[in-house]
Amino acid sequence: MTIKQLVEKLDYTLVQGDVDKEITTLVYDSRKVEEGSVFVCISGTVRDAHEFIPDVVQKGAACVVVEKDVEVDENVTVIKVENSRKALAYMSAAYFGYPSKEIKTIGITGTKGKTTTTYMVKSILESAGIKTGLIGTIETIIGDKKIPSANTTPESFVVQKYFREMVDAGLDAVVMEVSSQALKLSRVEGFVFDIGVFTNLEPDHIGTNEHKDFDEYTYCKSLLFRQCKKGIFNGDSEHVEEILKGHTCDVLKFGYNDTNDLVAKNVELKKAHGELGVKYHVSGECDFDVEVNVPGSFSVYNSLTAIAICNYFEIKPEIIQKALKDVTVKGRIEIVPVTKRYTLMIDYAHNAMSLESLLKALKKYEPQRLVCLFGCGGNRAKARRFEMGEVSSKLADLTVITSDNPRDEEPMDIISDILTGVKKADGEYVTIPDRKEAIKYCMENAQDGDIVVLAGKGHEDYQEIKGVKHHMDERELIAEIIKETPNLNL
């Protein structure tokens with residue numbers, strides 16, 4: 001591949017050198033530069049990659065892509081662009097041979113529901129014989145290969161690399177979470193999504209190194225709908241019109257309101273023998289009964305999203321119905337079937353907003369008691385501890401305070417902060433620092449009809465202490481507790 005082929009979709013200025021030069025690799029990490037590489041200088045929040053230009057030239061870089069004026073050896077091609085992150089996205093697409101043209105791409109954005117919905121969509125599409133990859137918060141899935149995720153949406157080069165691997169593996173579609181940060185930082189530029197989805201919008205990810213305010217957060221979310229062919233929107237969201245501003249896609253809306261194209265009718269909460277879920281009838285562009293074994297009204301929205309997407313693929317209703325009934329998502333309102341006496345679940349809720357949303361949804365099932373176990377991460381804002389403590393004390397009948405990822409802090413110091421919030425409300429509470437012992441306490445003391453939530457860890461299978469990640473999977477802890485406690489009250 002030549003530099004000219006690599007930059008064919010870019011607006012750029014050739015400062016010096018030859019664009020007909022053959023290149024070996026495209027990189028944005030100076031440590032990976034080799035003879036003949038093209039190095040893209042990203043201006044990051046911590047380091048500015050322009051500082052590494054002397055090093056990459058010494059390693060044999062054939063070309064540097066820059067935003068600033070630089071002085072390098074005349075044998076090195078210098079290309080100047082306005083935005084190097086955007087340039088990397090377009091160059092990555094070219095480098096991997098524009099794989100998005102060979103696979104159906106589905107991007108899901110919103111404050112909540114992205115992870116659950118991606119798994120729902122993957123489950124239904126694969127039930128219909130459509131081989132589907134996934135890129136998201138938990139992992140990337142390419143056939144039988146699973147890659148743990150560092151970010152909700154990876155860097156543009158990685159996105160295109162995964163697309164190429166999916167195409168080469170014979171996949172037909174990919175469903176991915178698209179974060180507001182990814183949209184802000186051009187990680188999903190360089191191609192057009194076949195389908196873009198908006199789930200909902202609430203104030204989140206606002207602060208240093210994220211979004212300066214809610215308006216910017218909203219604007220970044222809306223960018224997805226300027227680069228997709230078909231847009232699927234939560235029509236009940238009070239922010240949907242702001243998200244629609246500037247859109248260039250066909251529009252389909254879903255929700256409870258009759259003004260939507262897909263409408264959930266006759267919604268019922270489903271509760272039986274330790275299982276929770278929802279039932280409803282979808283009308284409008286689709287017309288059939290739906291049953292989902294995941295509790296909460298947000299499961300209605302998530303499943304409507306999945307139905308809308310799968311309807312685009314013309315999947316038969318009976319396939320959608322079966323897949324939705326069977327779908328589970330690791331760490332997202334994941335019910336662990338241990339007994340029919342009470343419901344035990346694992347959820348990733350790790351801030352006050354997500355915990356409040358979860359507990360309010362579960363209270364609608366009128367449990368005998370709502371028991372909430374959680375801790376908070378160390379080396380993070382203390383405000384989260386006070387807020388989560390207060391939310392749990394207000395909404396749960398019993399709060400069990402334990403350890404999460406203490407990192408460099410002492411677990412009891414974190415618990416003390418949580419207690420400050422807990423004591424602002426009047427819920428009962430106990431403190432048990434050891435997470436396994438805390439879970440055991442919940443199981444030993446559960447009453448008939450209780451809902452017990454283990455919040456905060458979700459899909460994570462580790463506990464981080466003093467810079468070391470120790471293996472800890474709550475599912476395994478539950479199994480160990482059952483095995484070690486013959487008289488456990490199941």
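A salt bridge, as I use the term here, is a side-chain nitrogen of Lys or Arg within 4 Å of a carboxyl oxygen of Asp or Glu. I keep in mind throughout that this is a predicted model.

**Entry 1: Glu 484 and Lys 436**

I looked up Glu 484 first and found that its side chain meets that of Lys 436 in a salt bridge, with 3.1 Å from N to O. Glu 484 belongs to helix 15 (residues 474-484) and Lys 436 to helix 14 (residues 435-445), so this pair ties together parts of the chain that lie 48 residues apart in sequence. For Glu 484 I noted a relative accessible area of 52%, which makes this residue exposed. I also noted a network in which salt bridges with shared partners join Lys 330, Glu 334, Asp 473 and Arg 475.

**Entry 2: the whole structure, then Asp 48**

How many salt bridges does a search of the whole structure find? I recorded 34. One of them is the pair of Asp 48 and Lys 68, whose side chains come to 2.2 Å, N to O. The two residues sit in distant parts of the chain, 20 residues apart: Asp 48 is in the loop between strand 3 (38-40) and helix 2 (53-58), while Lys 68 is in the loop between strand 4 (63-66) and strand 5 (77-80). I then asked whether Asp 48 is buried or exposed. With a relative accessibility of 14%, Asp 48 counts as buried, because the cut-off for that class is under 20%; Lys 68, at 39%, is partly exposed.

**Entry 3: a pair within helix 5**

I next checked Lys 161, which forms a salt bridge with Glu 165, their closest N and O atoms being 2.9 Å apart. Both residues are in helix 5 (residues 156-168), and because they are four residues apart, about one helical turn separates them. An α-helix has 3.6 residues a turn, so residues three or four places apart point the same way. Lys 161 is partly exposed at 31% relative accessible area, and Glu 165 is partly exposed as well, at 21%.

**Entry 4: helix 9**

I turned to helix 9 (residues 297-312) and compared its span with expectation: at 1.5 Å a residue, its 16 residues should cover 22 Å, and the end C-alpha atoms are 23 Å apart, which agrees. Of these 16 residues, 12 are buried, so helix 9 is largely enclosed by the rest of the structure. Among the buried residues I listed Tyr 301, Asn 302, Leu 304, Ile 307 and Cys 310. After helix 9 comes Glu 314, for which I noted a positive phi, near 60 degrees.

Technical notes:
Residues are numbered from 1 along each chain as its sequence is written. This is a predicted model: local features need pLDDT of at least 70, side-chain atom pairs count only at pLDDT 80 or more; totals for chains, interfaces and linings use all residues. Side-chain values use heavy atoms; hydrogens and water are left out. Buried means under 20% relative accessible area, exposed over 50%, partly exposed in between (1.4 Å probe, protein chains only). The expected span of a helix is 1.5 Å times one less than its number of residues.
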